[in-house]
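Subject: Structure handover

Hi,

Here is the structure I promised. Please open it alongside this note; my findings follow below.

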Amino acid sequence: MKENKEFELIKRFIDGDESAFNQIVQLYREKIYWHARRMTGNHMDADEITQQVLIVLYKKLNTFKFNSSLYTWIYKITSTRSLNLIKKNNLRRFFSFEDVNENETKQENDIVKNIDDKDKLNKLDEILQTLPPKQREIFVLKNFDELSYKEISEITGKSIGTLKANYFHALKKITEKMSDE
Amino acid sequence: MNRELILKYLSGLLNDSEKIEFEKRLESDPGLKKEFMSIYGKLEGLQQFSDVEVDQTYFNNLQVKVRSRMENSSRINWVPRISFALSLVLVAYIFLFTGKSNNQFVVNLEKELSGDSNYTAMLDKYFDNPVEEEVLYLSIANSDTKAFDLENNEIQADEDYLKYNILNEINSSEIDEYLGDEDLSNLEKQISGIKF
């Protein structure tokens, strides 16, 4: 049912109906943002990734082949962009010794205003950052985006067995980290 | 031990029979159940960390932001980019062209040392002009170590020949008529000791 609706929206957009694209954006913008935010741990990077994904979506939606569902395709773009940005940031940090206030700058104009909520997100970020990026990707897709191993396999290109093993190790690290606190 | 088993269950790493056995134990073993609930609770708690109030205007303005970004990127001035690309091509061309001419000469020099008579005759004709010869050798010495080494070997080989020729010239001249045996012997020793 959901896929039929998406199919119809894509067809309308390809035929030139811009309002169909707006509807697609409304369906996915928050999912994209939160996936990126959990991966990168800050608003600025999540905002950048969300904008990039929407631009790619606008430009490439006409090449969508309907071999997979739209949300798998969108998650695939979001996930790849997030991993690339993390890699880029790590390299930049390594070579330029960015100052310690970097994280504060990246939280400017944050969409979360309440201090308690900010604390909750900081805590979540601290826990998620204990995982290496690719393990974090699987954990976030399974635990927060609530996707099945089959769907995650389509997104990441990894076998279900590998995903289960990765998720097991991620769970182990996260529960250990939470027990320590 | 229990913790490992619980995590395997939650990750889907247990096979069907192990899964049934685990679920049976979960019903009958209070210790296992307590530990399971603790881990499960932690994971649920983690999900609640994301349950926050957000400023919805960000999402409402997102499309406007993206559209203006797309419009700006389509208005990119291509002139500096094209100029930059052309300069790169030019630098690459000069670099490749210079490299090729040096390599060619190294090969020629090896050919020269191998004693190919046709080739030597052609070089002799070319080297009739001493200025051109010097410029050519200097360019080799400055630009290519291999060529420089070959040239050095050539000079080294000629050094003894040169000293021999000088001594011969002294012997054939009438200089020995003006010098005593001892002086002549000293002069020969000095010439032999000269480093070219």
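A residue counts as buried when its relative accessible area is under 20%, as exposed when that area is over 50%, and as partly exposed in between. Asp145(A) has a relative accessible area of 13%, so Asp145(A) is buried. Keep in mind throughout that this is a predicted model.

Confidence in chain A

The average pLDDT of chain A is 89. In that chain, 92% of the residues score at least 70. Confidence is highest in H7(A), with a mean of 96. It is lowest in helix H5 of chain A, residues 102-106, where the mean is 61.

Buried polar residues in chain A

Back to Asp145(A). This residue sits in a loop of chain A, with helix H7 (133-143) on one side and helix H8 (149-156) on the other. What does the side chain of Asp145(A) make a polar contact with? The partner is the side chain of Tyr75(A), at 3.3 Å. Tyr75(A) also appears among the contacts of Asp145(A) beyond four places in sequence. The others there are His35(A), Arg38(A) and Val140(A).

Asp45(A) is another case. Helix H3 of chain A, residues 43-60, holds Asp45(A). The relative accessible area of Asp45(A) is 7%, so this residue is buried. Its side chain makes a polar contact with the side chain of Asn89(A), at 3.0 Å.

Then Ser153(A), in helix H8 of chain A. Its relative accessibility is 19%, so Ser153(A) counts as buried. Setting aside neighbours within four places in sequence, Ser153(A) is in contact with Lys158(A), Ile160(A) and Leu163(A). Thr72(A) is 81 residues from Ser153(A) along the chain. The C-alpha atoms of the two are separated by 9.8 Å.

Salt bridges

Side chains of opposite charge can pair when their charged atoms come close. How many salt bridges does the structure hold over all chains? There are twelve.

One of them joins the side chains of Glu48(A) and Arg69(B), at 2.9 Å from N to O. This pair crosses between chains: Glu48(A) is in helix H3 of chain A, and Arg69(B) is in helix H4 (residues 57-74) of chain B. Glu48(A) has 26% relative accessibility, so Glu48(A) counts as partly exposed. Arg69(B), at 29%, is partly exposed as well.

Another salt bridge links Glu154(A) and Lys150(A). Their closest N and O atoms are 3.7 Å apart. Both residues are in helix H8 of chain A. They are four residues apart, so about one helical turn separates them. Are these two buried or exposed? Glu154(A) is partly exposed, with a relative accessible area of 34%. Lys150(A) counts as exposed, at 56% relative accessibility.

The side chains of Glu176(A) and Arg3(B) also meet in a salt bridge, at 3.8 Å from N to O. Glu176(A) lies in helix H9 (residues 160-180) of chain A and Arg3(B) in helix H1 (residues 2-11) of chain B, so this pair joins two chains. Glu176(A) has a relative accessible area of 39% and is partly exposed. Arg3(B), at 22% relative accessibility, counts as partly exposed too.

There is also a network. Salt bridges with shared partners join Arg37(A), Asp110(A) and Lys118(A) into one.

Chain B

Chain B has nine helices and zero strands. It has 196 residues, of which 20% count as buried. Take the contacts in chain B with a separation of 6 or more: residues 24 or more positions apart account for 52% of them. The accessible surface of this chain comes to about 14400 Å². Carbon and sulfur atoms hold 56% of that surface.

One surface feature of chain B deserves a look. Leu90(B), Tyr93(B), Ile94(B) and Phe97(B) form a nonpolar patch there. Together they have about 470 Å² of accessible area. Ile94(B), a member of the patch, is in helix H5 (residues 78-114) of chain B. Its relative accessibility is 48%, so Ile94(B) counts as partly exposed.

Best wishes

Methods: Residues numbered from 1 in each chain as written. Chains lettered and ligands numbered in written order. Predicted model: local features only at pLDDT ≥ 70, side-chain atom pairs only at ≥ 80, totals over all residues. Heavy atoms only, no water. Patch = residues over 30% accessible without salt bridge, like charges linked within 9 Å, V, L, I, M, F, W, Y side chains within 5 Å. Areas by Shrake-Rupley, 256 points an atom, 1.4 Å probe, with all protein chains shown as cover. Salt bridge = Lys/Arg side-chain N within 4 Å of Asp/Glu carboxyl O. Buried < 20%, exposed > 50% of the residue type's maximum accessible area, 1.4 Å probe, protein only. Polar contact = N/O pair within 3.5 Å; in protein donor to acceptor, adjacent residues only side chain to side chain. Contact = heavy atoms within 4.5 Å. pLDDT = per-residue confidence, 0-100.
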